[in-house]
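Please look over the sequence and the model shown here before reading on. The paragraphs after it are meant to be read with the structure open, so that each residue can be found as it is named.

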Amino acid sequence: MKRAPPHLWPMIFQNTTSTTASPQAWLWTGDAIYPQSQLPLATLDELRQAYEDLKTNTTIGYGRFVTQQQPPPLVLGSWDDHDYGANDGGHEVSQQPERAQLFYDFLDLPHPRPTDRNGTYYSVTVGRHDSQQQRQVKLIFLDTRWHRSPHCIPSVASWFSWSIPRLLAAGVACGTRWISAGLVPTWCTAKQATATVLGNDQWQWLENEIATSTASLHIIVSSIQVLSTNPAMEGWGHYPQERDKLLQLLLQGPRRVRTLLLSGDVHHGEFLHPNLDGGNGNQDNNHHHDDSGVLEITSSGLTHSCTKGLFGILCVPLLTWFRSHRWRSVRHYYVQRNFGRIHIDWGNDEEEALSSFVTVTIHSAETGEEVLTTGPLSLDDIHNNHHDPNKEWTTAEIAQIVPCLNGHLIHVAYGVMVVVAFLAMYYRGTRNPRGNHKSKRQ
């Protein structure tokens, strides 16, 4: 398992306790561990050892972080593929209940635990709610692995055992996602029409959690990105019907709850927002690009940066190219190791929750410095259209949000075909000059 530098957790502790109160919760957005395995699928013993190492190794410091605060923070989270034991793993992974139990043990998730279901999805509500004040936050943790169907072209990332072939396989998996989304989006959309991310039971549970909630703010943790248009990475965009279904749930209905999405996985930090017209992510040039949609915050990772490793040179070009989902500015991303912070200011006791503000920041995992910030946002502005708070998104508008499967390589392919045809004709002409001369004399 790649370890964080020794100063990381003390620095996070100092940063998060710099205000008047210690943090109430620490939220894992996936990939808390990277088990060292010589097998394509990590064994239960390897997962158990990796979790134990993170919690008890004094050099790492995570154990002190979760115990030295008084009261200690509530540790919650969603798992992702490496916690699950298989890179890019989905429903095909074996021993799912046993793997889930190890994850719950790592979190020290309070009892009763959600062991009555096929999936590590659950919710926790913090804060207070009465007739005078509505100051509750509902934390909803999704499981995007247990039931997830294969990609349009199934990933080969977990097919190999040794490190170098495994790194190459991960790159191939990114490449096949990028090519399939760029060349055959219609075929992939049709092929994925019956695919799922959450599974039927989790969908029904999520719909009920939102319908019956009394919270003023929902924070939904999805280990993979929801709104990204970058096809090289895993994300909801590779399952367009599932993504539309989630956004319809969040943006429509009689009680549209203000929502923040938190995601991880991709080894960079980013602010994301649905964009109707496929603009360039610059608010000044995109009249649809306001705060009327769900706001997604990606913070990843503590031990990995997308600029490192075999394919690190591609990180910034990909983030620059696929930017139409970016919130307010194309520059709202950070490619080094990072962690995030959510601060909610409920205002004075006499004020209502809708007068409250939330600020989300991304911090460097090297120095603790703030590198990205939303600034103070009214809870009302996070979800609703601040020009018309009662305006509901239509199904047609949600369908117009710029897709991940967008055919971005089709024009490139046509251009390559034209060039190849021209070069073939030219080559044929240069190989048969005598025939050309004879035809002129005739």
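What follows goes from the chain as a whole to two helix pairs, then to single positions and to points of backbone geometry.

The model is a predicted one, and every value given here was computed from it. Its chain carries 14 helices and 13 strands. Of the 442 residues of this chain, 52% count as buried, while the surface that remains exposed amounts to about 20700 Å², with carbon and sulfur atoms supplying 55% of that area. The contacts also say something about how the chain is folded back on itself: among those that join residues at least 6 apart in sequence, 75% link residues at least 24 apart.

A helix pair from the earlier part of the numbering is a convenient place to begin. Helix H2, which covers residues 44-56, and H5 have axes that come within 10 Å of each other and cross at roughly 5 degrees. Angles under 35 degrees count as roughly parallel, and H2 and H5 are therefore described as roughly parallel to each other. On the H2 side the contact is made by Leu44, Leu47, Arg48, Tyr51, Leu54 and Lys55, which meet Glu98, Arg99, Leu102, Phe103, Asp105 and Phe106 of H5. Sorted by class, the residues of this contact comprise seven nonpolar and five charged ones, with no polar residue among them.

The second pair is formed by helix H8, residues 200-211, and helix H9, residues 240-251, which pack at an angle of about 20 degrees with their axes 11 Å apart. Because this angle also falls under the 35 degrees that serve as the limit, H8 and H9 too are roughly parallel to each other. The crossing of H8 and H9 is right-handed. H8 contributes Trp203, Leu206, Glu207 and Ile210 to the contact, and H9 contributes Glu242, Lys245, Leu246, Leu249 and Leu250. Here the classes divide into six nonpolar and three charged residues, again with no polar residue.

Helix H5 is worth a second look, since Gln101 also lies in this helix. At 32% relative accessibility, Gln101 counts as partly exposed, because that class lies between the buried limit of 20% and the exposed limit of 50%. Leaving aside neighbours within four places in sequence, Gln101 is in contact with Arg113 and Thr115. The C-alpha atom of Gln101 is also 9.0 Å from that of Thr120, a residue 19 positions away in sequence.

Turning to the stretch that follows H8, Ser216 sits in the loop between H8 and E5, and Leu217 belongs to strand E5, residues 217-221. How accessible is Ser216? Its relative accessibility is 1%, so Ser216 counts as buried; Leu217, at 0%, counts as buried as well. Both residues can be paired with positions far along the chain: the C-alpha atoms of Ser216 and His129 are 9.1 Å apart although 87 residues separate them in sequence, and those of Leu217 and Leu379, 162 residues apart along the chain, are separated by 7.4 Å.

The last points concern the backbone. Most residues other than glycine have a negative phi, and most peptide bonds are trans. Against this background, the following four sites deserve to be examined one by one.

Which form does the peptide bond from His111 to Pro112 take, cis or trans? This bond is cis, with omega near 0 degrees, and Pro112 is placed in the loop between helix H5 (96-107) and strand E3 (122-129). The peptide bond from Ser300 to Gly301 is likewise cis, with omega near -10 degrees, and Gly301 is found in the loop between strand E8 (295-298) and helix H10 (315-321).

Two aspartates have a positive phi. Asp88, with a phi of about 65 degrees although it is not a glycine, is found in the loop between helix H4 (81-84) and H5. With a relative accessible area of 8%, Asp88 is buried. For Asp265, phi is near 80 degrees, a positive value in a residue other than glycine, and this aspartate lies in the loop between strand E6 (259-263) and strand E7 (269-272). Asp265 is buried too, with a relative accessible area of 10%.

Key
Residues numbered from 1 in each chain as written. Predicted model: local features only at pLDDT ≥ 70, side-chain atom pairs only at ≥ 80, totals over all residues. Heavy atoms only, no water. Helix = DSSP H or I, 4+ residues; strand = E, 2+ residues; numbered from the N terminus. Buried < 20%, exposed > 50% of the residue type's maximum accessible area, 1.4 Å probe, protein only. Contact = heavy atoms within 4.5 Å. Areas by Shrake-Rupley, 256 points an atom, 1.4 Å probe, with all protein chains shown as cover. Axes fitted to C-alpha atoms, helices over the stretch in contact; angles between N-to-C directions. Parallel < 35°, antiparallel > 145°, perpendicular 65-115°, else oblique. Left-handed = near helix turned anticlockwise from the far one by under 90°. Nonpolar A, V, L, I, M, F, W, Y, C, P; charged D, E, K, R; others polar.
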